[in-house]
Amino acid sequence: VSICKQEMLQKKKNAVLVDGVILNGPLMDSKAGEKFVEEACKIIMEEVIQKADDITEKVCEWRAPETLKQILDLEMRETGESHQKLLQLCRDVIQYSVKTGHPRFFNQLYAGIDYYSLVARFITEALNPSVYTYEVSPVFLLVEEAVIKKMIEFIGWEEGDGIFNPGGSVSNMYAMNLARYRFCPEIKEKGLSGLPRLVLFTSEECHYSMKKAASFLGIGTENVYFIKTDERGKMIPEELEKQVQRARKEGSAPFLVCATAGTTVLGAFDPLDKIADICENHGLWLHVDVS
């Protein structure tokens, strides 16, 4: 302990201050921080990873919201907490969270634990990279490039580009924005003023984010035309053709069709080839929302 205190005093003595701001900081007890990381990782190993496939454990130690607030003590204070209290908070967070790696966890879209991806996540969190330039993130930029290249090969393209998004909602909004920009590039400078009434088409079984994207981008939810589906939840191409022609007769400007490959409820795949033919005939951007 005395050695750590001496190191801290020496660091403070060597600190460079400009207008009260430490330029060669932060001045913190790195040894104590390392010890905390070590003990917290031990808790994660024992309480999460080693119990991940234990069916005798509960999927979740359920508590009502008000009770859980009291257990976790979520009050924001002016001062920090002791390491022991923080470690107990780590235990509480794990204990009362849903164990998505549990063999009996059956919920939306995902389950299970991938030990190798988990280690990769530990590394990325520890390094805390921002993947926007090679200079600041050389390894992860190359990894991103390699993954995008492989995804392009899966689609069957010889070349292309892509971007990683935080989820389906943002992905659909980006696609809608791209389609609109292709239809009217001047929108970037002039905005929505002077544009015709833009209309897009999607399945009755589409993801809710299509309406949300139309709202966020100023297109309007009333300008999302929902196409009828068959008994298996797939978009009916003939109905799409009718709606495109209807929109044109109304004086609207169709610019996008959003098909779905794996709908939320039925897992339906729209007939992409037939939809693509209709889009090609009418000069419409085709986006496929894939789950």
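Start by selecting Glu47, Val48, Ile94, Ser97 and Lys99: of the 18 residues that line the second largest pocket, these lie nearest its centre. The model on your screen is predicted.

**Stop 1: the second largest pocket**

The space in this pocket comes to about 430 Å³. Colour helices α2 (30-49) and α4 (83-96), each of which supplies at least two residues of the lining. Which helix gives the largest share of the lining? That is α4, with three residues. Now colour the lining by class: seven residues are charged, six are polar and five are nonpolar.

**Stop 2: Lys85**

Stay on α4 and select Lys85, which is found in that helix. Is Lys85 buried, partly exposed or exposed? Its relative accessible area is 38%, and the class of partly exposed runs between 20% and 50%, so Lys85 is partly exposed. Show its contacts next. Leaving aside residues up to four places away in sequence, Lys85 touches Asp73 and Arg77. For a distance to try in the viewer, pick the C-alpha atoms of Lys85 and Glu61: the two residues are 24 residues apart along the chain, and these atoms are separated by 20 Å.

**Stop 3: helix α5 and its two ends**

Select residues 115-127, which form helix α5. This helix has 13 residues and reaches 19 Å from its first C-alpha to its last, close to the 18 Å expected at 1.5 Å a residue.

Go to the N-terminal end of α5 and add Asp114, which caps it. A side-chain oxygen of Asp114 lies 3.1 Å from the backbone nitrogen of Tyr116.

At the other end of the selection, look at Leu127, which is still in helix α5. Its relative accessibility is 57%; exposed means over 50%, so Leu127 counts as exposed. Just after α5 comes Asn128, where phi is positive, at about 50 degrees. From Leu127, draw a C-alpha to C-alpha distance to Ser137, which is 10 residues apart from it along the chain: the viewer should give 9.7 Å.

**Stop 4: helix α6**

Move on to α6, residues 138-155. How many residues does α6 have, and how far does α6 reach? The helix has 18 residues and reaches 26 Å from its first C-alpha to its last, close to the 26 Å expected at 1.5 Å a residue. Just after α6, select Gly156, which takes a positive phi of about 105 degrees.

**Stop 5: the largest pocket**

Keep α6 coloured, then add α7 (168-183) and β6 (285-290): each of the three supplies at least two residues of the lining of the largest pocket. The volume of this pocket is about 1600 Å³. There are 34 lining residues, and the closest to the centre are Ser171, His287, Val288, Asp289 and Val290. Colour by class again: the lining of the largest pocket has 18 nonpolar, 13 polar and three charged residues.

**Stop 6: Asn172**

Finish in helix α7 by selecting Asn172. Its relative accessible area is 1%. Buried means under 20%, so Asn172 is buried. What does Asn172 touch? Not counting residues up to four places away in sequence, its contacts are His207, Ser209, Met210, His287 and Asp289. Two of these, His287 and Asp289, are names from the previous stop, where they were listed among the residues closest to the centre of the largest pocket.

Notes
Residues numbered from 1 in each chain as written. Predicted model: local features only at pLDDT ≥ 70, side-chain atom pairs only at ≥ 80, totals over all residues. Heavy atoms only, no water. Helix = DSSP H or I, 4+ residues; strand = E, 2+ residues; numbered from the N terminus. Expected span 1.5 Å × (residues − 1). Polar contact = N/O pair within 3.5 Å; in protein donor to acceptor, adjacent residues only side chain to side chain. 1 Å grid on protein atoms, 1.4 Å probe; cavity = no way out; pocket = protein on both sides within 12 Å on 5 of 7 lines; lining within 4 Å. Points joined across faces, edges and corners; volume = space filled by probe spheres on them. Nonpolar A, V, L, I, M, F, W, Y, C, P; charged D, E, K, R; others polar. Buried < 20%, exposed > 50% of the residue type's maximum accessible area, 1.4 Å probe, protein only. Contact = heavy atoms within 4.5 Å.
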